[in-house]
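User: I'm new to this structure and would like a close look at one part of it. Could you walk me through a single sheet and what surrounds it?

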Amino acid sequence: VQKEVAKTAHLWDNGKITKQPQVNVKGTKTYTCMVCNATRNEDIAPLIPKNIEVKSSSTLKTRSNGAIITVAGVNAGELLKASNASYITDKNGTKLQSGTPLATGMKLVLEAGGVKTEKILSVFGDINGDGKITVDDARLALRRSVGLESFTDAQFNAASVNGENTVTVNDARSILRAAVGLETSKEWLVKIK
């Protein structure tokens, strides 16, 4: 005759967080049985980022107005490494490959917890959105400085290179100097407020 061993149901405590959840990283809550001291773990859902964030560097910054600014020559992979964005799209919504050079008007996209957040990118000096600093960009900045051109927010942020948060003749001059190789857009990034 076989003896049956009585099985007791576990009586779990309220649990203790043993690993705090972080953005996009699960946490852990550990429960302990008050009868036999057995433990069990449960995952805690990762925190969901609400905003696109970019780590400032010599090629990337976030302006006080929230605009994300980069310099000419940065590619999509570099920006993704320096941000919490999920991917970057061109103006038509097509996802960019890692080595694609960035241009004004492209979008950083963060998808987390079923929510999609987008932020439009500005490349210093690239007002027309072709990814380069050209004489045409300087012409557009000059026209804007005298009220003959209206800009989107992304274009305004791309044209406001002298740290004044306006578009002036001096911005147009700096963009023209960069177009012919006498200045670089990295020089403008240190002036951002």
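Analyst: Here is a walk through the sheet made of β1, β2 and β3, with a short look at a few other spots afterwards.

Before we start, keep in mind that this is a predicted model. Now to the sheet itself. It is an open one, built from 3 strands in the order β1-β2-β3, and the pairing is antiparallel. That order puts β1 (16-19) and β3 (39-44) at the edges; each has a single partner strand, so one side of each is left without a neighbour in the sheet. Going from one strand to the next, the twist averages 35°.

Let's zoom in on the β2 and β3 pair. β2 covers residues 27-32 and is joined to β3 by 6 bridges, with the two strands running antiparallel. You can pick out individual partners: T32 sits opposite T39 in β3, and K29 has E42 in β3 as its bridge partner. Together β2 and β3 make a hairpin, with 6 residues between them. In that turn, look for N37, which has a positive phi of about 65°.

How many of the 6 residues of β3 are buried? The count is 0, so to speak a bare strand: β3 is hardly covered. Two of the residues met in its salt bridges bear this out. E42 is partly exposed, because its relative accessible area of 34% falls between the 20% and 50% limits for that label. D43 has a relative accessible area of 57%, and that makes it exposed, since the label applies to anything over 50%.

It's also worth keeping a general point in mind as you look along a strand: in a regular strand, side chains alternate between the two faces of the sheet.

Now for the charged contacts around here. R40 forms a salt bridge with E42, where the closest N and O atoms are 2.7 Å apart. R40 counts as partly exposed, at 29% relative accessibility. E42 therefore has two roles in this picture: partner of K29 in the bridge between strands, and partner of R40 in a salt bridge, with 34% relative accessible area making it partly exposed.

D43 takes part in another salt bridge, this time with K26, and their closest N and O atoms are 3.6 Å apart. That pair links distant parts of the chain: K26 belongs to the loop between β1 and β2, D43 belongs to strand β3, and 17 residues separate them. K26 is partly exposed, with a relative accessible area of 47%, whereas D43 is exposed.

Next, the cysteines. What is the state of C33 and C36: bonded or not bonded? The sulfur of C36 is 3.7 Å from the closest cysteine sulfur, in C33, which is too far for a bond. The cut-off here is 2.5 Å, so the pair doesn't qualify as a disulfide. In fact, a search of the whole structure finds 0 disulfides, and C33 is in none. The cysteines also contrast in how covered they are: C33 counts as buried, at 1% relative accessibility, while C36 is partly exposed, with a relative accessible area of 43%.

To place this part in context, here are some other features. The search of the whole structure finds 7 salt bridges. Among the others, K107, K116 and E118 are linked in a network of salt bridges. R177 and E183 form one too, with the closest N and O atoms 2.9 Å apart. R177 is partly exposed, with a relative accessible area of 28%, but E183 counts as buried, at 13% relative accessibility.

There is also an open sheet of 5 strands, in the order β4-β5-β8-β7-β6, and its pairing is mixed. Its edge strands are β4 (60-62) and β6 (87-89), each pairing on one side only, and its twist averages 30° from one strand to the next. Inside it, β5 (residues 68-70) and β8 (residues 115-123) pair in the parallel sense over 3 bridges, with T70 standing opposite V123 in β8.

Finally, V135, L176, V180 and L182 form a nonpolar patch on the surface, and together they have about 370 Å² of accessible area. L176 lies in helix α4 (residues 169-179) and counts as partly exposed, at 39% relative accessibility.

How values were computed:
Residues numbered from 1 in each chain as written. Predicted model: local features only at pLDDT ≥ 70, side-chain atom pairs only at ≥ 80, totals over all residues. Heavy atoms only, no water. Pairing = 2+ DSSP bridges. Helix = DSSP H or I, 4+ residues; strand = E, 2+ residues; numbered from the N terminus. Axes fitted to C-alpha atoms, helices over the stretch in contact; angles between N-to-C directions. Buried < 20%, exposed > 50% of the residue type's maximum accessible area, 1.4 Å probe, protein only. Patch = residues over 30% accessible without salt bridge, like charges linked within 9 Å, V, L, I, M, F, W, Y side chains within 5 Å. Areas by Shrake-Rupley, 256 points an atom, 1.4 Å probe, with all protein chains shown as cover. Salt bridge = Lys/Arg side-chain N within 4 Å of Asp/Glu carboxyl O.
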